[in-house]
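Open the model in your viewer and keep the selection tool at hand. The tour goes from stop to stop, with a selection to make at each.

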Amino acid sequence: MKEIKAHAGFPIAPVYGPEDVAGVEFDRDIGRPGEYPYTRGIHKHMYRERLWTMRQYVGFGTPVETNARFKYLMAHGQDALNVAFDLPTQLGLDSDDPKAEGEVGRAGMAVDTLADMEDAFAGIPLDRVSVSLTINGMAAPITAMYYAVAEKQGVAADRVVTTPQNDILKEFIARGTWIYPVDPSLRLVADLIEFSARHYPRSNPVSVCGYHIREAGCTTAQEMAYGLAIAAAYVELMLARGMAVDEFAPRISFNFTAWGKIFEEVAKFRAGRRLYARMLRERFRAVNPKSWMFRSLIGGGGSAFAMQEPENNIVRGAYIALAASLAGAQTMALPTYDEAYTIPSPKAQLIALRTMQICAEESGAADTVDPLAGSYYVEALTSAMEKRIEEELASVERMGGIVEAVRTGAIQAEVARQAYLYEQKIVSGEIPRVAVNCHVGDVPVEADRDVELYAFDPTAHAAQLARLERTRAQRDGGATRTALRRVAQAARGSENLMDPIMEAVKAYATLGEIAQAMRDVFGEHKEAVKF
Amino acid sequence: MKVLIAKPGLDGHDRGAKVVAHALRDAGFEVVYSGLKRTPDEIVRAAIQEDVDVVGLSVLSGAHLLLARRVVDGLRAQDASDIAVVVGGIIPPRDVEALKQLGVRHVFPMGTPLPEIVKAFRQGQTKEPR
C-alpha cells in the first residue's frame with residue numbers, strides 16, 4: 001500500500017479506530033464548543049448564531065478606484081473589508097519617492113496622506129463595517145490615519161472595529177515588508193497595541209500570522225508553532241511594559257491558511273486552539289476567558305493554486321472554504337483563481353465571494369458546530385498535530401526563541417529549506433498536483449491563458465502624484481513640521497509613538513515623512529541573508 | 001558558472017528566489033543571493049563585483065518590465081552586457097516577449113518546473129545571445 005504522509009510529516013494510517021484515540025480525555029482535551037480549551041471552537045453555537053465574516057483582500061491603484069471596488073463587493077454581500085496597500089505604502093515611501101517607481105498602486109492601493117484614507121473610506125460607515133488593514137512596518141501611521149478618518153466621520157472611538165495586521169515578526173520571517181531593525185520594529189508593534197487597548201477597545205491591534213510563513217514554505221505544524229511563538233513574544237512584550245495580560249489579550253487575533261489536506265487543516269486549528277488556550281491560561285495566567293480564545297481569519301493560500309488550467313483553482317478554493325468552515329473560522333478570505341497571473345479581476349473576486357457564500361448557505365458545513373469532532377481520524381490527527389506543533393515550538397526555543405531566531409536568520413533559513421523540500425516533492429510527484437505533476441493536460445501552459453487579466457492603469461501613478469502635490473500645497477506647513485519634529489523626538493525617547501503620529505497624520509504629514517522621521521532615529525534593518 | 005539571484009524592487013516574496021538558488025547550488029553552480037529590496041544599481045554593482053555569468057531577477061510585484069530594463073541597461077552602461085539577465089516570477093504571458101525585447105535572455109514565468117530552470121542554466125540557454 002502507498003505510504004501517505006501529512007504535510008506535517010507524520011504518516012497517515014489507512015484506517016483509524018477507538019485504539020487511536022485511547023489517550024484522549026474528553027473533558028481535558030476536547031470539551032464543549034465555547035468552553036476551555038476550545039478545541040471545538042470558541043463559540044457555543046458557532047455559525048448558527050453568527051456566520052463567519054467574509055473579507056476579501058482588496059486594494060489597487062488609487063484610493064478612489066479601491067473605494068469603488070469596496071462598494072462593488074459590499075453590494076454583493078461582502079460584510080467587511082481587508083485593505084491591500086501598495087509596496088511603497090507598506091515600506092513608508094511616498095508615491096514620488098524614486099524607489100517607488102513602477103510600484104505605485106501596483107500590488108495594492110497607494111496611500112500618501114490622510115487625504116487618501118479619507119477617499120478610500122468615503123461613503124463607507126466605519127461604525128458598521130469592520131476593516132482589516134494589511135499593514136505591518138507602517139501599521140502605526142496607517143492605523144492612526146484610519147482612526148482619524150473614523151473620527152472625522154463622527155464615529156466614537158469605542159465603535160471603531162479595525163484589525164491592523166501589525167505583525168512585524170512574520171514580516172522578517174516571510175513577507176519582507178520590514179523597515180527598521182528588530183527592536184524598534186517591536187516597539188512600534190507594542191505602541192499600537194497599547195494605544196489601541198487604551199483608546200479603541202474594539203480594535204484588534206495585532207493579527208498574528210502563520211499564513212505568510214506557510215506561503216513561504218513551512219509545514220502545517222510549523223505554521224501553527226511559529227504563529228503561537230510570535231503571539232507569545234507579543235504577550236511578553238506587553239507584559240514587560242507593565243500591562244496586565246487581560247488588558248490586551250482578548251483583542252489578539254490570528255491569520256492562518258487552510259489549504260492542503262482538509263482533515264489535517266481542521267486538526268491543525270483544533271490543536272492550535274487547545275495549545276493557545278493552555279498557553280494563555282497556564283503560562284501567562286490570563287483569567288478572562290476571552291484572553292484564551294484563538295480567534296482566526298482562515299483562508300488564503302495562493303500557493304495552493306496553480307498556473308496551469310487556472311479555472312481548476314475555483315475548485316481548490318471551494319475545498320479551502322470547506323476546510324476553513326470545518327475548522328471553525330471567525331473570518332474567511334479566499335485567493336482568487338487568477339492569483340497566479342495577476343491581481344484579482346472583479347469577476348474572480350466575485351467567484352471567491354460566491355464560493356464562501358455557497359459553502360455557508362448551501363453545503364450544510366455551517367449547520368452544526370465542529371462537525372468532525374469524535375471522528376477517530378480527526379481526534380487522532382488533532383493529537384498528532386498537537387504533538388508535532390509542540391516539537392516545533394521546542395525547536396524554536398533551541399534557536400534562542402522566535403525573536404532571536406529572526407535576528408540570526410535561523411528561522412528564515414528553515415522556512416527556505418522547507419520550501420525547497422516541498423518543491424522537490426512536487427518534482428518527484430510525492431505531493432500530487434493535478435494538471436501540474438499528474439493528469440497533465442495537453443494544452444501548453446502558454447496557450448492556456450484565457451484568464452481575464454487586471455489591466456494595470458499607468459495613469460493611476462500620475463493621479464496619485466497630483467493628489468500628493470495638492471495635499472502638500474494645501475496643508476499648514478508649519479503645523480506639519482512641528483508634528484514631525486515631535487515624532488522624531490518621541491522616537492529618540494521611550495514614550496508611546498502613537499500620540500505624536502496621530503498628530504502628524506492629522507496635520508497631513510505624508511507617510512514617507514513620518515517613516516523618515518523614525519528612520520533617522522532607528523536606522524534600517526540589515527537582513528541576515530541565508531538560504 | 002556563477003549566478004547572482006537577485007530581488008530588485010520592493011517586493012518581499014523570496015520563496016521562489018531561494019528555491020531556485022538552492023536548486024542551482026545543488027546542481028553545482030556557484031550561487032550568490034542578494035537578499036530583498038535591492039536597487040537595480042546595487043544588483044549591477046554586485047554582478048560585476050562577484051564576476052557572475054548570469055543574473056537571475058525574481059519579481060512578483062508586477063514591476064518586472066521597469067526593473068529588468070534598469071538592470072539590463074545598467075550592465076550595458078558598465079560595459080558588462082556579457083553578463084546575461086534572466087527573469088522569473090509572476091510574469092504574465094503578454095510580457096514575456098517584451099522582456100526579451102529589452103535584452104532579457106530567458107523568462108521563467110510562475111509555474112515553470114524547477115528541473116526546467118536548472119536545465120536551462122545547464123544547457124547555457126540563459127547565456128545564449130539573442
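What follows is a walk through cores, sheets, single residues and empty spaces in a predicted model.

**Stop 1: the cores**

Begin with Met117(A), Phe121(A), Leu133(A), Ile142(A) and Met518(A). These residues have the most contacts inside the largest nonpolar core, which has 185 residues. Now colour helix H9 of chain A, residues 220–240. H9 gives this core its largest share, 13 residues.

Zoom in on Met117(A). What is it in contact with, leaving aside neighbours within four places in sequence? Phe85(A), Met109(A), Val111(A) and Leu133(A) are on the list. So are Ile142(A), Met145(A), Tyr146(A) and Val149(A).

Then select Ile43(B), Leu75(B), Ile83(B) and Leu99(B). They are among the 22 residues of a second, separate core.

**Stop 2: the five-stranded sheet of chain A**

Switch to cartoon. Chain A has an open sheet of five strands in the order S1-S9-S8-S7-S6, with parallel pairing. Its edge strands are S1 (53–54) and S6, each pairing on one side only.

Start at the S1 edge. S1(A) is joined in parallel to S9(A), residues 331–333, over two bridges. Pick Met54(A): opposite it in S9(A) stands Met332(A).

Cross to the other edge. S6(A) runs parallel to S7(A), residues 252–257, with four bridges between them. Select Cys209(A) and look for its bridge partner in S7(A), Asn255(A).

Show side chains on S6(A), residues 206–209. Val206(A) and Val208(A) point one way, Ser207(A) and Cys209(A) the other. Are these four buried or exposed? All are buried. The alternation follows a general pattern: in a regular strand, side chains alternate between the two faces of the sheet.

**Stop 3: the four-stranded sheet of chain A**

Another open sheet has the order S2-S3-S4-S5 in chain A, again with parallel pairing. S2 (57–58) and S5 (162–164) are its edge strands, each pairing on one side only. Select S4(A), residues 130–134: three bridges join it to S5(A), and the two run parallel. Val131(A) has Thr162(A) as its bridge partner in S5(A).

**Stop 4: strands of chain B**

Move to chain B and select S1(B), residues 2–6. It pairs with S2(B) in the parallel sense over four bridges. Lys2(B) has Glu30(B) as its bridge partner in S2(B).

Now show side chains on S2(B), residues 30–33. Val31(B) and Tyr33(B) point to one face and are buried. Glu30(B) and Val32(B) point to the other face and are not buried.

Next, select His106(B), which sits in strand S5 of chain B, residues 106–109. Why does this histidine count as buried? Because its relative accessibility is 17%, and the cut-off is under 20%. Not counting residues up to four places away in sequence, His106(B) touches Val85(B), Val86(B), Val87(B), Ala120(B), Gln125(B) and Thr126(B).

**Stop 5: Ala380(A)**

Return to chain A and pick Ala380(A) in helix H15. Its relative accessible area is 13%, so it is buried. Measure to Tyr16(A) in your viewer: the C-alpha to C-alpha distance is 8.0 Å, with the two positions 364 residues apart in sequence. Ala380(A) touches Tyr16(A), Asp20(A) and Val21(A), not counting residues up to four places away in sequence.

**Stop 6: the second largest pocket**

Turn on the surface. Select His7(A), Gly260(A), Lys261(A), Ile431(A) and Pro432(A). Of the 41 residues lining the second largest pocket, these lie nearest its centre. The pocket holds about 1200 Å³ of space.

Which helices each supply at least two residues of this lining? Colour H9, H11 (262–283), H13 (312–326), H15 (376–398) and H17 (410–428) of chain A. By class, the lining has 19 nonpolar, nine polar and 13 charged residues.

**Stop 7: the largest cavity**

Finish with enclosed space. The model has five cavities of 30 Å³ or more. About 120 Å³ lies in the largest cavity. Of its 18 lining residues, select the closest to the centre: Phe172(A), Trp178(A), Gln412(A), Glu527(A) and Lys18(B).

Helices H6 (168–175) and H16 (402–408) of chain A each give two or more residues to this lining. H6(A) has the largest share, five residues. Seven of the lining residues are nonpolar, four polar and seven charged.

Conventions:
Residues numbered from 1 in each chain as written. Chains lettered and ligands numbered in written order. Predicted model: local features only at pLDDT ≥ 70, side-chain atom pairs only at ≥ 80, totals over all residues. Heavy atoms only, no water. Core = buried A, V, L, I, M, F, W, Y, C linked by side-chain atoms within 4.5 Å. Buried < 20%, exposed > 50% of the residue type's maximum accessible area, 1.4 Å probe, protein only. Contact = heavy atoms within 4.5 Å. 1 Å grid on protein atoms, 1.4 Å probe; cavity = no way out; pocket = protein on both sides within 12 Å on 5 of 7 lines; lining within 4 Å. Points joined across faces, edges and corners; volume = space filled by probe spheres on them. Nonpolar A, V, L, I, M, F, W, Y, C, P; charged D, E, K, R; others polar. Pairing = 2+ DSSP bridges.
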